[in-house]
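The following exercises are meant to be worked through with the sequence and the structure in view. Each task is followed by a solution that goes step by step.

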Amino acid sequence: MSRRYFGTDGVRGKVGVSPITPDFVLKLGQAAGRVLKRRNPNGHAAVLIGKDTRVSGYMLEAALQAGFSSAGVDVVLCGPIPTPAIAYLTRAQRLDAGVVISASHNPYDDNGIKFFSAYGQKFPDALELEIEAEIDRGFDCVPSAELGKARRLSDASGRYIEFCKSTIDNAIDLKGMRIFVDCANGAAYHVAPDVFHELGADVSVTGAQPDGFNINDGVGATHTEHLSDWTAAAGCDVGISLDGDADRLIMADACGRVYNGDELLYVMARDRMAVGGKVEGVVGTLMTNYALEKRLGELGVGFERAKVGDRYVLEKLLEKGWNFGGESSGHLLALDRQTTGDGIVSALQVLCAMRRTQKTLAELTADLHMLPQTLVNKRIPKGYDWQGDERFAAAVKEARAAVEGRGRVLVRPSGTEPLLRIMVEADDPAFAETLATGMAASLSVG
């Protein structure tokens, strides 16, 4: 069955436009609450709710809380906090589910709802379909005596900060390291700087003054064009950039170089191998640079590709029994440290590798020779049948023939935005760009 409301990362869209409206979120909360109660042997349920810094979070939080309460589910509120913090705190508090109100890296006027299980993992497709079916049953408030209650979790951010610090070896600190942190004016603004500072680093910060409207606005993991310059200007050795809900990580040095998720995943896996931890395999996605797959193979490490989306990377990791996986965009998983993609925890793993080896990011990735990738995002109307576009299909076939033996072509729709993503990977960047822009221009829209 196809999902009507849930995408690759929860329910997401423009605020005020279905489904991101208070009436729908109310119904979503009640439907999810009924499903959780039905699945709980004792018939009771309690959920944790967190959000990022968007102004619409106030409205959606109230609607979501009312929906759960109307289903007889208790609610624990955290306020603004990173998405991976909800995954951790849901487990730590022994709650039935965690819910995050966030649209991740999208602009402020988008928002979304995503769910975590009691084990800190994103809901599987089957559970999301069950919630959608429950929405169709209509609204049905429980009697007053059975309504859910709400409370706030005191010091949620402090608890998460301590968890992040616990994910690295006690013998390692960050004293003497100068770190630049871009918090994207998002959920990590009051968390990430403290984590690195409390571990001894000298921290400079940007994107830590959210006003409800400036989340991801020229800052964060999707706007890293100035990250290296900012790092150098602050006199720092390394730059860390998170997205609006802090589940993505991109890093930079002060020498003009930015390191994406593929490169950081490589550093994490190599470091675990160096300290005696066995790394049987790594999971990437359809977008992962072929260079990572090739280099890991040379090191005797298996590699598998999942569909784009960190939830699918997680599913493949669990299927294989492996720990490391991630996306080029910066969603990185180390399942022996955290149950979901976590920008701060991943940054700590990379920083520990630098500290342990006394090497820079450039030195740690020197033997990973990335193939240039060109990605063109083409906006398409909702429901547009791009696969039935004959002119585009012919252009794609032509491009794949041209790149055979020296790279690859990947075309896929975004799971969170009305975009068609056209990627070409080849040994010549100019050649890759020509193919990608040519395919984009052949679309019969826009």
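**Exercise 1. Residues with a positive phi**

Task: Locate alanine 184 in the chain of this predicted model and state what marks its backbone.

Solution. Step 1: alanine 184 sits in the loop that joins β7 (178-182) to α6 (192-198). Step 2: its phi is positive, about 65°, although the residue is not a glycine. Step 3: most residues other than glycine have a negative phi, and most peptide bonds are trans. Step 4: the relative accessible area of alanine 184 is 0%, so this residue is buried.

Task: Carry out the corresponding analysis for alanine 246, and then examine the residue just after α3.

Solution. Step 1: alanine 246 belongs to the loop between β9 and β10. Step 2: this alanine has a positive phi of about 65° and is not a glycine. Step 3: alanine 246 counts as buried because its relative accessibility is 0%. Step 4: just after α3 comes arginine 94, with a positive phi of about 55°.

**Exercise 2. A cis peptide bond**

Task: Determine whether the peptide bond from serine 18 to proline 19 is cis or trans, and place proline 19 in the chain.

Solution. Step 1: omega for the bond from serine 18 to proline 19 is near 10°, and the bond is cis. Step 2: proline 19 lies in the loop that runs between β1 (11-14) and α1 (22-39).

**Exercise 3. Two aspartates in loops**

Task: Describe the position and the surroundings of aspartate 243.

Solution. Step 1: the loop between β9 (238-242) and β10 (249-253) contains aspartate 243. Step 2: a residue counts as buried under 20% relative accessible area; aspartate 243 has 0% relative accessibility and is therefore buried. Step 3: a polar contact of 2.9 Å links the side chain of aspartate 243 with that of serine 104. Step 4: a polar atom of the aspartate 243 side chain also lies 3.2 Å from the backbone nitrogen of arginine 248. Step 5: beyond four places in sequence, the residues in contact with aspartate 243 include Ser104, His105, Cys183, Ala184 and Asn216.

Task: Do the same for aspartate 52.

Solution. Step 1: aspartate 52 is in the loop between β2 and α2 (57-70). Step 2: with a relative accessible area of 2%, aspartate 52 is buried. Step 3: the side chains of aspartate 52 and arginine 54 form a polar contact of 2.7 Å. Step 4: leaving out residues up to four places away in sequence, aspartate 52 touches several others, among them Pro80, Ile101, Ser102, Ala103, Ser104 and Gly244. Step 5: Ser104 thus appears in the contacts of aspartate 243 and in those of aspartate 52.

**Exercise 4. The surroundings of a helix**

Task: Which residues of helix α3 are buried, and what covers them?

Solution. Step 1: helix α3 covers residues 83-92, and 8 of its 10 residues are buried, so the rest of the structure largely encloses the helix. Step 2: the buried residues are Thr83, Pro84, Ala85, Ile86, Ala87, Tyr88, Leu89 and Thr90. Step 3: their cover includes the strands β2 (46-51), β3 (74-80), β4 (97-101) and β5 (110-117), together with helix α5 (156-166).

**Exercise 5. Buried or exposed**

Task: Decide whether cysteine 352 and serine 144 are buried or exposed.

Solution. Step 1: cysteine 352 is part of helix α11 (residues 343-357), whereas serine 144 lies in the loop between α4 (125-136) and β6 (150-152). Step 2: cysteine 352 has 3% relative accessibility and so counts as buried. Step 3: serine 144 has a relative accessible area of 64% and is therefore exposed. Step 4: outside its sequence neighbours up to four places away, cysteine 352 touches Ile168 and Ile172. Step 5: the C-alpha atom of cysteine 352 is 8.5 Å from that of aspartate 271, 81 residues apart along the chain. Step 6: the C-alpha atoms of serine 144 and serine 69 are 9.9 Å apart, with their positions 75 residues apart along the chain.

**Exercise 6. The chain as a whole**

Task: How does the radius of gyration of the chain agree with that of a compact globule?

Solution. Step 1: for 446 residues, a compact globule would have a radius of gyration near 22 Å. Step 2: the chain has 22 Å, which agrees. Step 3: buried residues make up 57% of the 446 residues. Step 4: the secondary structure consists of 14 helices and 18 strands.

How values were computed:
Residues are numbered from 1 along each chain as its sequence is written. This is a predicted model: local features need pLDDT of at least 70, side-chain atom pairs count only at pLDDT 80 or more; totals for chains, interfaces and linings use all residues. Side-chain values use heavy atoms; hydrogens and water are left out. Helices (H or I, at least four residues) and strands (E, at least two) are DSSP runs, numbered from the N terminus. The radius of gyration is taken over C-alpha atoms; the globule rule is 2.2 Å times the number of residues to the power 0.38. Buried means under 20% relative accessible area, exposed over 50%, partly exposed in between (1.4 Å probe, protein chains only). A polar contact is a pair of N or O atoms within 3.5 Å; within protein, one must be able to donate a hydrogen and the other to accept it, and residues adjacent in sequence count only if both atoms are side-chain atoms. Contact means heavy atoms within 4.5 Å.
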